[in-house]
Amino acid sequence: MLRTIFCLSALAAGLVSSGVFAAPGEEGARTRAANSGGILLAQDGNLDVYYDARGNRVIVDADTGKVIAIQPPQTRLDRRALRRQLRMQQLGRAPVEDEDRYYLDDPEDMARFRRKQLEEEGTVIPPPVDENDPYGDNSDQVFPDAPRDEGTYGNTYPDEPQPDQPDGIKRQPLDEASIDPLQPAAPGDEAALPPKVDGKTVVDPSLSLGTRQDVAALQVLLDRAGASPGVIDGRFGSNVDKAVAAYNEITGSNLKSTDAVGIQAALAQSGGDAFANYTITAEDAAGPYVASIPEDYSQKAQLDRMGYTSVTEALAERFHMDENYFKALNPEANFNRPGTIIKVANFGRLVSTPVARIVADKGKKEVFAYDAGGKLVAAYPATIGSSDTPSPSGIHTVSRVALDPNYTYNPSINFKQGQNDKILTIPPGPNGPVGSVWIALDKPTYGIHGTPDPSKIGKTESHGCVRLTNWDARELAKLVSPGVTVEFVGGSSADDVAQQ
(Lines give C-alpha, C1' and ligand atoms only; values in the text may rest on other atoms or scores of the structure.)
Protein backbone atom coordinates (compact mmCIF):
# COMPACT_ATOMS: atom_id res chain seq x y z
CA MET A 1 0.00 0.00 0.00
CA LEU A 2 2.73 2.40 0.95
CA ARG A 3 4.62 1.48 -2.25
CA THR A 4 1.54 2.30 -4.36
CA ILE A 5 1.04 5.66 -2.66
CA PHE A 6 4.68 6.52 -3.15
CA CYS A 7 4.56 5.71 -6.89
CA LEU A 8 1.42 7.75 -7.46
CA SER A 9 2.95 10.74 -5.65
CA ALA A 10 6.07 10.57 -7.77
CA LEU A 11 4.03 10.40 -10.97
CA ALA A 12 1.94 13.45 -9.97
CA ALA A 13 5.03 15.41 -9.07
CA GLY A 14 6.55 14.65 -12.46
CA LEU A 15 3.47 15.84 -14.32
CA VAL A 16 3.30 19.04 -12.31
CA SER A 17 6.97 19.71 -12.88
CA SER A 18 6.74 19.24 -16.64
CA GLY A 19 3.75 21.60 -16.82
CA VAL A 20 5.42 24.22 -14.71
CA PHE A 21 8.60 24.30 -16.76
CA ALA A 22 6.88 24.16 -20.16
CA ALA A 23 5.34 27.64 -20.03
CA PRO A 24 8.44 29.52 -18.83
CA GLY A 25 10.44 27.76 -21.53
CA GLU A 26 8.25 29.13 -24.31
CA GLU A 27 8.16 32.59 -22.76
CA GLY A 28 11.92 32.50 -22.17
CA ALA A 29 12.53 31.64 -25.81
CA ARG A 30 10.32 34.56 -26.84
CA THR A 31 12.23 36.87 -24.46
CA ARG A 32 15.59 35.69 -25.70
CA ALA A 33 14.51 36.20 -29.32
CA ALA A 34 13.45 39.76 -28.58
CA ASN A 35 16.59 40.56 -26.57
CA SER A 36 18.91 39.10 -29.20
CA GLY A 37 17.46 41.27 -31.94
CA GLY A 38 15.77 38.42 -33.80
CA ILE A 39 12.07 38.49 -34.73
CA LEU A 40 9.70 35.67 -33.76
CA LEU A 41 7.35 35.32 -36.74
CA ALA A 42 3.58 35.38 -36.24
CA GLN A 43 1.34 32.42 -36.92
CA ASP A 44 0.63 33.34 -40.56
CA GLY A 45 3.46 35.86 -40.97
CA ASN A 46 0.90 38.66 -40.56
CA LEU A 47 2.61 41.54 -38.73
CA ASP A 48 1.71 45.07 -37.68
CA VAL A 49 4.46 47.67 -37.08
CA TYR A 50 4.01 50.59 -34.65
CA TYR A 51 6.29 53.29 -33.21
CA ASP A 52 6.08 54.35 -29.58
CA ALA A 53 6.86 57.82 -28.16
CA ARG A 54 10.54 56.95 -27.75
CA GLY A 55 11.03 56.03 -31.39
CA ASN A 56 11.09 52.26 -30.75
CA ARG A 57 9.71 50.03 -33.49
CA VAL A 58 7.07 47.68 -32.00
CA ILE A 59 6.22 44.55 -34.03
CA VAL A 60 2.83 42.97 -33.14
CA ASP A 61 1.18 39.69 -34.21
CA ALA A 62 -1.88 40.91 -36.14
CA ASP A 63 -3.86 37.76 -35.29
CA THR A 64 -3.23 37.49 -31.53
CA GLY A 65 -2.32 41.09 -30.68
CA LYS A 66 0.79 39.94 -28.85
CA VAL A 67 4.05 41.94 -29.00
CA ILE A 68 6.64 39.95 -30.92
CA ALA A 69 9.65 42.28 -30.73
CA ILE A 70 10.70 45.82 -29.74
CA GLN A 71 13.55 47.39 -31.68
CA PRO A 72 15.19 50.57 -30.31
CA PRO A 73 16.27 53.11 -32.98
CA GLN A 74 20.01 52.50 -32.51
CA THR A 75 19.67 48.76 -33.25
CA ARG A 76 18.08 49.15 -36.69
CA LEU A 77 20.07 49.43 -39.89
CA ASP A 78 19.96 52.91 -41.39
CA ARG A 79 18.53 51.71 -44.68
CA ARG A 80 17.81 55.26 -45.76
CA ALA A 81 21.53 56.16 -45.60
CA LEU A 82 22.46 52.91 -47.35
CA ARG A 83 19.98 53.56 -50.18
CA ARG A 84 21.22 57.15 -50.48
CA GLN A 85 24.89 56.10 -50.65
CA LEU A 86 24.14 53.37 -53.21
CA ARG A 87 22.09 55.76 -55.31
CA MET A 88 24.77 58.45 -55.28
CA GLN A 89 27.39 55.90 -56.32
CA GLN A 90 25.14 54.76 -59.19
CA LEU A 91 24.79 58.36 -60.31
CA GLY A 92 28.54 58.87 -60.11
CA ARG A 93 28.26 61.45 -57.34
CA ALA A 94 30.13 59.60 -54.63
CA PRO A 95 33.96 59.78 -54.82
CA VAL A 96 35.49 56.32 -54.88
CA GLU A 97 39.19 57.15 -54.95
CA ASP A 98 41.06 60.34 -53.98
CA GLU A 99 38.26 62.40 -52.44
CA ASP A 100 40.54 65.47 -52.03
CA ARG A 101 41.24 65.81 -55.75
CA TYR A 102 39.10 68.12 -57.86
CA TYR A 103 39.53 69.36 -61.42
CA LEU A 104 38.37 72.88 -62.14
CA ASP A 105 37.69 72.01 -65.76
CA ASP A 106 35.47 69.03 -64.80
CA PRO A 107 31.87 70.12 -64.01
CA GLU A 108 31.16 66.88 -62.14
CA ASP A 109 34.22 67.37 -59.92
CA MET A 110 33.21 70.94 -59.11
CA ALA A 111 29.65 69.85 -58.29
CA ARG A 112 31.05 67.12 -56.06
CA PHE A 113 33.35 69.61 -54.36
CA ARG A 114 30.47 72.01 -53.72
CA ARG A 115 28.40 69.25 -52.13
CA LYS A 116 31.30 68.29 -49.86
CA GLN A 117 31.84 71.92 -48.89
CA LEU A 118 28.17 72.30 -47.96
CA GLU A 119 28.35 69.13 -45.87
CA GLU A 120 31.36 70.51 -43.98
CA GLU A 121 29.45 73.74 -43.34
CA GLY A 122 26.54 71.77 -41.87
CA THR A 123 24.08 72.36 -44.67
CA VAL A 124 21.65 69.48 -45.25
CA ILE A 125 21.83 68.21 -48.83
CA PRO A 126 18.72 66.34 -49.99
CA PRO A 127 19.42 62.89 -51.45
CA PRO A 128 18.93 62.31 -55.17
CA VAL A 129 15.36 61.57 -56.21
CA ASP A 130 14.57 57.88 -56.68
CA GLU A 131 12.08 57.44 -59.50
CA ASN A 132 11.25 53.98 -58.13
CA ASP A 133 10.29 55.29 -54.69
CA PRO A 134 6.52 54.61 -54.31
CA TYR A 135 6.13 57.10 -51.47
CA GLY A 136 7.89 60.02 -53.16
CA ASP A 137 10.00 60.71 -50.07
CA ASN A 138 13.12 58.69 -51.08
CA SER A 139 12.62 56.41 -48.09
CA ASP A 140 12.17 52.66 -47.69
CA GLN A 141 10.12 53.14 -44.53
CA VAL A 142 6.40 53.73 -44.54
CA PHE A 143 6.54 55.87 -41.41
CA PRO A 144 9.12 58.51 -40.44
CA ASP A 145 11.00 58.29 -37.17
CA ALA A 146 8.85 59.21 -34.19
CA PRO A 147 9.51 62.47 -32.27
CA ARG A 148 11.70 62.44 -29.18
CA ASP A 149 10.36 62.85 -25.64
CA GLU A 150 10.42 66.61 -25.92
CA GLY A 151 8.16 66.39 -28.98
CA THR A 152 10.71 67.69 -31.50
CA TYR A 153 12.98 65.97 -33.94
CA GLY A 154 16.64 65.67 -33.04
CA ASN A 155 19.08 68.22 -34.44
CA THR A 156 21.39 66.43 -36.87
CA TYR A 157 23.45 69.47 -37.86
CA PRO A 158 27.18 69.07 -37.13
CA ASP A 159 29.12 71.53 -35.05
CA GLU A 160 30.70 74.46 -36.84
CA PRO A 161 34.12 73.35 -38.22
CA GLN A 162 37.11 74.92 -36.49
CA PRO A 163 39.94 76.39 -38.59
CA ASP A 164 43.11 74.34 -38.81
CA GLN A 165 45.96 75.57 -36.65
CA PRO A 166 49.15 76.14 -38.69
CA ASP A 167 52.05 73.85 -37.88
CA GLY A 168 55.14 75.40 -36.41
CA ILE A 169 57.77 75.54 -39.16
CA LYS A 170 61.10 77.28 -39.07
CA ARG A 171 60.96 80.08 -41.60
CA GLN A 172 63.94 81.25 -43.61
CA PRO A 173 64.20 84.21 -46.02
CA LEU A 174 65.01 83.58 -49.68
CA ASP A 175 66.93 86.12 -51.77
CA GLU A 176 65.10 85.64 -55.06
CA ALA A 177 61.71 86.32 -53.50
CA SER A 178 62.95 89.40 -51.59
CA ILE A 179 60.70 88.50 -48.69
CA ASP A 180 61.01 88.14 -44.94
CA PRO A 181 59.84 85.31 -42.68
CA LEU A 182 56.35 85.58 -41.29
CA GLN A 183 56.33 87.76 -38.16
CA PRO A 184 53.54 89.55 -36.29
CA ALA A 185 53.04 93.00 -37.73
CA ALA A 186 53.47 95.97 -35.42
CA PRO A 187 50.29 97.91 -34.66
CA GLY A 188 51.59 100.91 -36.56
CA ASP A 189 52.35 98.86 -39.68
CA GLU A 190 48.92 97.31 -40.06
CA ALA A 191 47.21 97.90 -43.38
CA ALA A 192 44.37 100.35 -43.64
CA LEU A 193 41.05 98.57 -43.73
CA PRO A 194 38.72 98.73 -46.74
CA PRO A 195 35.20 100.09 -46.29
CA LYS A 196 32.92 98.17 -43.92
CA VAL A 197 29.20 97.44 -44.01
CA ASP A 198 27.39 96.95 -40.70
CA GLY A 199 30.72 96.76 -38.93
CA LYS A 200 32.09 93.97 -41.17
CA THR A 201 34.82 94.16 -43.79
CA VAL A 202 33.46 93.82 -47.32
CA VAL A 203 35.21 90.91 -49.10
CA ASP A 204 33.95 89.22 -52.23
CA PRO A 205 33.24 85.62 -51.07
CA SER A 206 33.82 84.26 -54.57
CA LEU A 207 37.49 85.11 -54.25
CA SER A 208 38.16 82.30 -51.80
CA LEU A 209 35.46 79.78 -52.80
CA GLY A 210 36.99 76.34 -53.06
CA THR A 211 40.56 77.42 -52.22
CA ARG A 212 42.65 75.58 -49.65
CA GLN A 213 45.85 76.79 -48.08
CA ASP A 214 47.26 73.25 -47.83
CA VAL A 215 46.88 72.90 -51.60
CA ALA A 216 48.60 76.27 -52.07
CA ALA A 217 51.45 75.02 -49.84
CA LEU A 218 51.80 71.98 -52.12
CA GLN A 219 51.91 74.27 -55.16
CA VAL A 220 54.69 76.33 -53.55
CA LEU A 221 56.71 73.14 -52.86
CA LEU A 222 56.34 72.04 -56.48
CA ASP A 223 57.37 75.47 -57.76
CA ARG A 224 60.51 75.42 -55.59
CA ALA A 225 61.70 72.20 -57.24
CA GLY A 226 61.15 73.46 -60.80
CA ALA A 227 57.89 71.54 -61.31
CA SER A 228 55.67 74.52 -62.01
CA PRO A 229 51.96 74.20 -61.13
CA GLY A 230 51.18 77.38 -63.08
CA VAL A 231 49.46 79.90 -60.84
CA ILE A 232 49.43 79.28 -57.09
CA ASP A 233 45.70 79.44 -56.38
CA GLY A 234 45.01 76.86 -53.65
CA ARG A 235 43.04 74.57 -55.98
CA PHE A 236 43.59 71.03 -57.16
CA GLY A 237 43.56 70.50 -60.90
CA SER A 238 45.28 68.88 -63.85
CA ASN A 239 48.21 71.33 -63.63
CA VAL A 240 48.90 70.25 -60.04
CA ASP A 241 48.74 66.56 -60.96
CA LYS A 242 51.22 67.09 -63.79
CA ALA A 243 53.52 69.07 -61.52
CA VAL A 244 53.48 66.34 -58.83
CA ALA A 245 54.57 63.76 -61.42
CA ALA A 246 57.35 66.08 -62.63
CA TYR A 247 58.41 66.80 -59.02
CA ASN A 248 58.85 63.09 -58.33
CA GLU A 249 60.95 62.68 -61.48
CA ILE A 250 63.11 65.71 -60.69
CA THR A 251 63.68 64.85 -57.02
CA GLY A 252 63.52 61.05 -57.23
CA SER A 253 60.86 60.97 -54.51
CA ASN A 254 57.37 59.49 -54.40
CA LEU A 255 55.34 62.40 -53.03
CA LYS A 256 51.54 62.18 -53.12
CA SER A 257 49.29 65.21 -53.23
CA THR A 258 47.41 63.96 -50.15
CA ASP A 259 50.50 63.33 -48.01
CA ALA A 260 50.22 66.34 -45.67
CA VAL A 261 53.06 65.19 -43.41
CA GLY A 262 55.44 64.58 -46.31
CA ILE A 263 54.58 67.94 -47.87
CA GLN A 264 55.28 69.81 -44.63
CA ALA A 265 58.58 67.96 -44.19
CA ALA A 266 59.64 68.75 -47.77
CA LEU A 267 58.73 72.42 -47.28
CA ALA A 268 60.85 72.60 -44.13
CA GLN A 269 63.83 71.11 -45.99
CA SER A 270 63.48 73.29 -49.09
CA GLY A 271 63.21 76.75 -47.53
CA GLY A 272 60.66 76.87 -44.74
CA ASP A 273 57.03 77.90 -44.66
CA ALA A 274 55.08 78.15 -47.91
CA PHE A 275 54.11 81.77 -47.19
CA ALA A 276 56.02 84.78 -45.91
CA ASN A 277 55.57 88.48 -45.27
CA TYR A 278 56.34 91.15 -47.86
CA THR A 279 56.28 94.91 -47.36
CA ILE A 280 54.84 96.95 -50.22
CA THR A 281 57.37 99.56 -51.38
CA ALA A 282 56.85 103.03 -52.84
CA GLU A 283 57.93 101.66 -56.23
CA ASP A 284 55.29 98.93 -56.01
CA ALA A 285 52.55 101.47 -55.33
CA ALA A 286 53.78 103.97 -57.96
CA GLY A 287 53.73 101.63 -60.95
CA PRO A 288 53.36 102.96 -63.62
CA TYR A 289 50.04 101.27 -64.32
CA VAL A 290 47.55 101.52 -67.16
CA ALA A 291 43.85 102.09 -66.63
CA SER A 292 42.79 99.04 -68.67
CA ILE A 293 43.86 96.80 -71.55
CA PRO A 294 41.51 96.92 -74.57
CA GLU A 295 40.60 93.74 -76.42
CA ASP A 296 40.92 95.21 -79.92
CA TYR A 297 44.45 95.03 -81.35
CA SER A 298 44.17 98.40 -83.07
CA GLN A 299 43.46 100.00 -79.69
CA LYS A 300 46.31 98.08 -78.08
CA ALA A 301 48.67 99.50 -80.71
CA GLN A 302 47.80 103.05 -79.56
CA LEU A 303 49.05 102.48 -76.01
CA ASP A 304 52.58 103.33 -74.87
CA ARG A 305 53.01 100.08 -72.99
CA MET A 306 51.02 96.93 -72.21
CA GLY A 307 51.71 97.28 -68.50
CA TYR A 308 50.00 96.03 -65.39
CA THR A 309 46.64 97.53 -64.47
CA SER A 310 47.01 97.41 -60.67
CA VAL A 311 49.36 96.74 -57.77
CA THR A 312 47.63 93.44 -57.10
CA GLU A 313 48.16 92.21 -60.65
CA ALA A 314 51.85 93.13 -60.54
CA LEU A 315 52.53 91.58 -57.13
CA ALA A 316 50.49 88.45 -57.82
CA GLU A 317 52.55 87.78 -60.94
CA ARG A 318 55.82 88.54 -59.14
CA PHE A 319 55.02 85.87 -56.55
CA HIS A 320 53.55 83.36 -59.05
CA MET A 321 50.03 83.69 -57.64
CA ASP A 322 46.52 83.93 -59.01
CA GLU A 323 45.38 87.52 -58.49
CA ASN A 324 42.05 86.58 -56.90
CA TYR A 325 43.72 84.16 -54.49
CA PHE A 326 46.33 86.81 -53.69
CA LYS A 327 43.53 89.21 -52.72
CA ALA A 328 41.71 86.57 -50.69
CA LEU A 329 44.92 85.82 -48.80
CA ASN A 330 45.14 89.51 -47.80
CA PRO A 331 41.50 90.54 -47.36
CA GLU A 332 42.19 93.69 -45.29
CA ALA A 333 45.32 94.96 -47.04
CA ASN A 334 45.60 98.41 -48.63
CA PHE A 335 47.78 97.50 -51.61
CA ASN A 336 48.19 101.13 -52.70
CA ARG A 337 49.90 102.19 -49.46
CA PRO A 338 53.68 101.75 -49.11
CA GLY A 339 54.60 99.98 -45.88
CA THR A 340 51.62 97.63 -45.95
CA ILE A 341 52.66 94.12 -44.88
CA ILE A 342 51.08 91.35 -46.94
CA LYS A 343 51.30 87.58 -47.18
CA VAL A 344 52.84 86.11 -50.33
CA ALA A 345 53.97 82.75 -51.69
CA ASN A 346 57.52 81.87 -50.68
CA PHE A 347 58.35 80.13 -53.97
CA GLY A 348 62.13 80.09 -53.42
CA ARG A 349 65.01 80.10 -55.85
CA LEU A 350 64.64 79.84 -59.61
CA VAL A 351 66.07 76.95 -61.62
CA SER A 352 69.66 77.68 -62.68
CA THR A 353 70.75 74.52 -64.53
CA PRO A 354 71.31 75.21 -68.28
CA VAL A 355 68.84 73.50 -70.59
CA ALA A 356 70.06 71.50 -73.62
CA ARG A 357 66.76 70.05 -74.88
CA ILE A 358 63.07 70.98 -74.66
CA VAL A 359 60.10 68.68 -75.26
CA ALA A 360 56.67 70.25 -75.87
CA ASP A 361 54.09 67.54 -75.24
CA LYS A 362 50.80 68.55 -76.91
CA GLY A 363 48.83 65.72 -75.34
CA LYS A 364 49.93 66.47 -71.77
CA LYS A 365 49.92 70.25 -72.36
CA GLU A 366 53.30 70.47 -70.69
CA VAL A 367 56.85 71.59 -71.53
CA PHE A 368 59.81 69.57 -70.22
CA ALA A 369 63.36 70.99 -69.99
CA TYR A 370 66.38 68.63 -69.81
CA ASP A 371 70.07 69.29 -69.13
CA ALA A 372 72.98 68.01 -71.22
CA GLY A 373 72.91 64.69 -69.35
CA GLY A 374 69.24 64.07 -70.15
CA LYS A 375 68.02 64.80 -66.62
CA LEU A 376 64.74 66.66 -66.18
CA VAL A 377 65.43 70.02 -64.54
CA ALA A 378 62.13 71.87 -65.05
CA ALA A 379 58.56 71.30 -66.20
CA TYR A 380 55.89 73.87 -67.02
CA PRO A 381 52.15 73.63 -67.79
CA ALA A 382 51.54 75.00 -71.26
CA THR A 383 48.94 75.87 -73.87
CA ILE A 384 50.20 74.39 -77.14
CA GLY A 385 48.31 75.31 -80.32
CA SER A 386 44.71 74.48 -81.15
CA SER A 387 42.71 72.45 -83.64
CA ASP A 388 42.42 75.47 -85.99
CA THR A 389 45.98 76.71 -85.57
CA PRO A 390 48.05 73.74 -84.35
CA SER A 391 51.69 73.91 -83.33
CA PRO A 392 54.56 72.54 -85.44
CA SER A 393 55.74 68.94 -85.41
CA GLY A 394 59.14 67.35 -85.27
CA ILE A 395 62.37 68.88 -83.98
CA HIS A 396 63.21 72.58 -84.18
CA THR A 397 65.78 74.84 -82.54
CA VAL A 398 65.79 78.07 -80.57
CA SER A 399 66.92 80.93 -82.84
CA ARG A 400 66.83 83.89 -80.42
CA VAL A 401 65.48 85.09 -77.08
CA ALA A 402 63.79 88.46 -76.52
CA LEU A 403 62.70 89.85 -73.13
CA ASP A 404 59.88 92.41 -73.03
CA PRO A 405 59.35 92.31 -76.81
CA ASN A 406 57.06 94.17 -79.20
CA TYR A 407 54.45 92.11 -81.01
CA THR A 408 53.86 92.45 -84.73
CA TYR A 409 50.33 91.57 -85.81
CA ASN A 410 50.08 90.47 -89.45
CA PRO A 411 46.66 89.06 -90.42
CA SER A 412 47.97 87.74 -93.75
CA ILE A 413 50.46 85.46 -91.99
CA ASN A 414 48.90 84.72 -88.61
CA PHE A 415 45.29 84.82 -87.49
CA LYS A 416 42.80 87.66 -87.93
CA GLN A 417 41.69 89.49 -84.80
CA GLY A 418 38.35 91.26 -84.99
CA GLN A 419 38.07 93.56 -88.01
CA ASN A 420 41.79 94.37 -88.11
CA ASP A 421 43.16 93.66 -91.59
CA LYS A 422 46.37 95.75 -91.40
CA ILE A 423 49.78 95.14 -89.88
CA LEU A 424 49.97 96.52 -86.33
CA THR A 425 52.83 96.87 -83.86
CA ILE A 426 51.71 96.32 -80.27
CA PRO A 427 54.03 97.79 -77.62
CA PRO A 428 55.83 95.59 -75.06
CA GLY A 429 54.59 94.70 -71.60
CA PRO A 430 53.37 91.75 -69.53
CA ASN A 431 49.80 92.23 -70.81
CA GLY A 432 50.81 92.04 -74.46
CA PRO A 433 49.75 89.12 -76.70
CA VAL A 434 53.05 87.28 -76.06
CA GLY A 435 53.53 88.47 -72.48
CA SER A 436 56.98 89.55 -71.38
CA VAL A 437 59.09 86.87 -73.17
CA TRP A 438 59.55 85.62 -76.73
CA ILE A 439 61.73 82.54 -77.43
CA ALA A 440 61.75 82.37 -81.22
CA LEU A 441 62.07 79.05 -83.08
CA ASP A 442 63.70 78.40 -86.46
CA LYS A 443 60.20 77.93 -87.92
CA PRO A 444 58.93 81.44 -88.79
CA THR A 445 56.14 82.95 -86.64
CA TYR A 446 56.42 80.16 -84.03
CA GLY A 447 57.92 80.40 -80.57
CA ILE A 448 57.61 79.94 -76.81
CA HIS A 449 56.21 82.99 -75.02
CA GLY A 450 54.39 84.38 -71.99
CA THR A 451 50.75 85.33 -71.52
CA PRO A 452 48.60 88.14 -70.09
CA ASP A 453 46.25 85.51 -68.54
CA PRO A 454 48.36 83.13 -66.41
CA SER A 455 45.33 81.46 -64.81
CA LYS A 456 44.23 80.10 -68.22
CA ILE A 457 47.46 78.23 -68.99
CA GLY A 458 46.76 74.59 -69.81
CA LYS A 459 43.01 75.23 -70.03
CA THR A 460 42.64 77.24 -73.26
CA GLU A 461 44.14 77.22 -76.77
CA SER A 462 46.80 79.25 -78.56
CA HIS A 463 47.42 80.32 -82.16
CA GLY A 464 50.03 77.60 -82.73
CA CYS A 465 52.75 78.75 -80.33
CA VAL A 466 53.73 77.41 -76.91
CA ARG A 467 52.28 79.64 -74.21
CA LEU A 468 53.57 79.66 -70.60
CA THR A 469 53.01 81.93 -67.63
CA ASN A 470 55.23 85.01 -67.80
CA TRP A 471 57.39 83.86 -64.88
CA ASP A 472 57.86 80.36 -66.31
CA ALA A 473 58.71 81.74 -69.75
CA ARG A 474 61.20 84.19 -68.19
CA GLU A 475 62.84 81.40 -66.18
CA LEU A 476 63.14 79.18 -69.27
CA ALA A 477 64.52 82.09 -71.32
CA LYS A 478 67.45 82.39 -68.90
CA LEU A 479 68.21 78.66 -69.20
CA VAL A 480 68.25 78.31 -73.01
CA SER A 481 70.46 79.67 -75.76
CA PRO A 482 70.30 79.64 -79.57
CA GLY A 483 70.66 76.11 -80.88
CA VAL A 484 68.78 74.35 -78.10
CA THR A 485 66.45 71.75 -79.64
CA VAL A 486 62.67 71.91 -79.19
CA GLU A 487 60.82 68.68 -79.99
CA PHE A 488 57.03 68.66 -80.46
CA VAL A 489 55.37 65.35 -79.61
CA GLY A 490 51.75 64.12 -79.55
CA GLY A 491 48.64 65.71 -81.06
CA SER A 492 48.15 67.16 -84.53
CA SER A 493 50.54 69.55 -86.25
CA ALA A 494 50.36 72.49 -88.59
CA ASP A 495 51.60 70.27 -91.45
CA ASP A 496 48.72 67.83 -90.86
CA VAL A 497 46.16 70.63 -91.08
CA ALA A 498 47.79 72.01 -94.26
CA GLN A 499 47.44 68.63 -95.97
CA GLN A 500 43.71 68.38 -95.14
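Student: In this predicted model, what is the strand order of the open sheet formed by nine strands?

Tutor: Happy to walk along it with you, keeping in mind that the model is predicted. The pairing in this open sheet is mixed. At its edges lie β10 (376–381) and β11 (383–384), each of which pairs on one side only. Reading across the nine strands, the order is β10-β9-β8-β18-β12-β15-β16-β17-β11.

Student: Which residue of β15 stands opposite valine 401?

Tutor: Look at strand β12 (residues 394–403) and strand β15 (residues 437–441), which run antiparallel and are joined by five bridges. Opposite valine 401, you will find in β15 isoleucine 439.

Student: What angle does the direction of α5 make with that of β10?

Tutor: Helix α5 packs on the nine-stranded sheet. The strands touched by α5 are β9 (366–370) and β10. Compared with the direction of β10, that of α5 makes an angle of about 180°.

Student: And at what angle does helix α11 run to β15?

Tutor: Helix α11 covers residues 470–479. This helix lies across β8 (357–361), β9, β10, β12, β15 and β16 (447–449). To β15, α11 runs at about 55°.

Student: Where is lysine 365, whose phi is positive, found?

Tutor: Lysine 365 has a phi near 55°, a positive value in a residue other than glycine. As for its place in the chain, lysine 365 is found in the loop between β8 and β9.

Student: How are α4 and α5 oriented to each other, and why?

Tutor: Helix α4 spans residues 213–224 and helix α5 residues 238–251, and their axes come within 10 Å. The crossing angle is roughly 45°, and α4 passes α5 in a left-handed crossing. Angles from 65 to 115 degrees count as roughly perpendicular and those under 35 as roughly parallel, so α4 and α5 are oblique.

Student: How do the residues of the contact of α4 with α5 divide into nonpolar, polar and charged?

Tutor: From α4 come Leu218, Gln219, Leu221 and Leu222, and these meet Val240, Ala243, Val244 and Tyr247 in α5. The residues of this contact divide into seven nonpolar, one polar and no charged.

Student: How do the residues of the contact of α4 with α6 divide?

Tutor: The axes of α4 and helix α6 (residues 260–270) come within 10 Å and cross at roughly 45°, which makes α4 oblique to α6. This crossing is left-handed. On the α4 side the contact is made by Ala217, Leu218, Leu221 and Arg224, and on the α6 side by Ile263, Ala266, Leu267 and Ser270. The division is six nonpolar, one polar and one charged.

Student: What is the order of the open sheet of three strands?

Tutor: Its pairing is antiparallel. The edge strands are β1 (47–51) and β3 (67–71), as each pairs on one side only. Neighbouring strands are turned against each other by 20° on average, direction ignored. The order is β1-β2-β3.

Student: Which residue takes a positive phi in the hairpin of β2 and β3?

Tutor: Strand β2 (residues 57–61) pairs with β3 in the antiparallel sense over four bridges. Along this pairing, valine 58 stands opposite isoleucine 70, and isoleucine 59 opposite alanine 69. Five residues lie between the strands of the hairpin, and the positive phi, near 80°, belongs to glycine 65.

Student: How many residues apart in sequence are the parts tied together by tyrosine 297 and tyrosine 407?

Tutor: The structure holds four aromatic pairs. In the pair of tyrosine 297 and tyrosine 407, the rings are 6.3 Å centre to centre with 90° between the planes, which is edge-to-face. Tyrosine 297 lies in helix α8 (residues 297–300) and tyrosine 407 in strand β13 (residues 407–409), so the parts tied together are apart in sequence by 110 residues.

Student: Which peptide bond leading to proline 288 is cis?

Tutor: Proline 288 is found in the loop between α7 (282–286) and α8. With omega near 10°, the cis peptide bond is the one to proline 288 from glycine 287.

Technical notes
Residues numbered from 1 in each chain as written. Predicted model: local features only at pLDDT ≥ 70, side-chain atom pairs only at ≥ 80, totals over all residues. Heavy atoms only, no water. Axes fitted to C-alpha atoms, helices over the stretch in contact; angles between N-to-C directions. Helix = DSSP H or I, 4+ residues; strand = E, 2+ residues; numbered from the N terminus. Parallel < 35°, antiparallel > 145°, perpendicular 65-115°, else oblique. Left-handed = near helix turned anticlockwise from the far one by under 90°. Contact = heavy atoms within 4.5 Å. Nonpolar A, V, L, I, M, F, W, Y, C, P; charged D, E, K, R; others polar. Pairing = 2+ DSSP bridges. Phe/Tyr/Trp six-rings, centres within 6.5 Å; stacked < 30°, edge-to-face > 60°.
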